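Thanks for sharing this one with me. Here are my notes, set out point by point so you can follow along in the viewer.

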Amino acid sequence: DPGLGEAYALRSRLTDDATVAERDLRRGLELNPSYARGYELLAGLQAGGVERIELALSSIDRAIALDPLSPVNFHTKAGFMMMQGKYPEAIALNHRAIELNPKFRAALGQLGFMNAVEGNFADAIGYTEQAVALDPRAVPRRDLLIQQYLAVGDIDSAHAVNTPATVM
């Protein structure tokens, strides 16, 4: 349906050409300016360059305004805050995402990572353990948890996370 904005926005995910993807997203949003997911996708595309982060923030803020109950929107904005080194803001946004969906693995994993960077290893391990419990096969999250255990000298817990051993 050439009049369906959502179709254009989602079609943008099927190409590796950023120009084509942005054209589809903009057409989709022109047809349906209330499509929050379209703004979230546009924000992700715009964040590809640091110089475009303000555009990305504008788009994700629009997505949040249109759909304030979507945890993905808050998590996406948290990623942009991380890119700018604004970890407290990113942490707060991911907490909001977790309030909306306590089983949101990506936000839990990002909270684990950010707390580790900030040196808050107890919180980091807690969040990462939750993310791993929700998806034990997620190798990157298991690796993060192993690194966090090793950072605090808990060799036994690190070994337990990697049993059976991760196959690369």
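The points below go from the overall fold to the helix pairs and then to the aromatic rings.

1. Please keep in mind throughout that this is a predicted model. The protein chain has ten helices and zero strands, so the order of elements from the N terminus reads α-α-α-α-α-α-α-α-α-α. Along its principal axes, the C-alpha trace spans about 55 × 35 × 30 Å.

2. Start with helix α3 (residues 36–46) and helix α4 (residues 53–66), whose axes lie 8 Å apart and which pack at an angle of about 160°. Since angles over 145 degrees count as roughly antiparallel, α3 is roughly antiparallel to α4. The crossing of α3 past α4 is left-handed.

3. Which residues make that contact? On the α3 side they are Ala-36, Tyr-39, Glu-40, Leu-42, Ala-43 and Gln-46, and on the α4 side Leu-55, Ala-56, Ser-59, Ile-60, Arg-62, Ala-63 and Leu-66. Sorted by class, the contact of α3 with α4 holds nine nonpolar, two polar and two charged residues.

4. Next along the chain, have a look at helix α6 (residues 87–100) and helix α7 (residues 105–117): they pack at about 150°, and their axes are 9 Å apart. The two helices are therefore roughly antiparallel to each other, and α6 passes α7 in a left-handed crossing.

5. From α6, this contact draws on Tyr-87, Ala-90, Ile-91, Asn-94, His-95, Ala-97 and Ile-98; from α7 come Ala-107, Leu-108, Gln-110, Leu-111, Phe-113, Met-114, Asn-115 and Val-117. How do the residues of the contact of α6 with α7 divide by class? There are eleven nonpolar, four polar and no charged residues.

6. Helix α8 (residues 121–134) and helix α9 (residues 139–151) are worth a look as well, with axes that come within 9 Å and cross at roughly 155°. That angle makes α8 roughly antiparallel to α9. Here too you will find a left-handed crossing, that of α8 and α9.

7. In this contact, Phe-121, Ala-124, Ile-125, Thr-128, Glu-129, Ala-131 and Val-132 of α8 meet Arg-141, Arg-142, Leu-144, Leu-145, Gln-148, Tyr-149 and Ala-151 of α9. The classes of the α8 and α9 contact come to nine nonpolar, two polar and three charged residues.

8. Now to the rings. How many aromatic pairs are there? The count is zero, where a pair needs ring centres within 6.5 Å.

9. Two arginines do sit over aromatic faces, and both are easy to bring up in the viewer. Arg-27 lies over the face of Tyr-8, at 5.8 Å from the ring centre. Arg-96 is placed over the face of Phe-74, at 5.7 Å from the centre of that ring.

Conventions. Residues are numbered from 1 along each chain as its sequence is written. This is a predicted model: local features need pLDDT of at least 70, side-chain atom pairs count only at pLDDT 80 or more; totals for chains, interfaces and linings use all residues. Side-chain values use heavy atoms; hydrogens and water are left out. Rings of Phe, Tyr and Trp (its six-membered ring) pair if their centres lie within 6.5 Å; planes under 30 degrees apart count as stacked, over 60 as edge-to-face and the rest as tilted. A charge sits over a ring if NZ of Lys or CZ of Arg is within 6 Å of the ring centre and within 35 degrees of the ring normal. Axes are lines fitted to C-alpha atoms, for helices over the stretch in contact, and angles run from 0 to 180 degrees between N-to-C directions. Helices (H or I, at least four residues) and strands (E, at least two) are DSSP runs, numbered from the N terminus. Angles under 35 degrees count as roughly parallel, over 145 as roughly antiparallel, 65 to 115 as roughly perpendicular and the rest as oblique. A crossing is left-handed if the near helix is turned anticlockwise from the far one by less than a right angle, and right-handed if clockwise. Contact means heavy atoms within 4.5 Å. Ala, Val, Leu, Ile, Met, Phe, Trp, Tyr, Cys and Pro count as nonpolar, Asp, Glu, Lys and Arg as charged, and the others, Gly among them, as polar.
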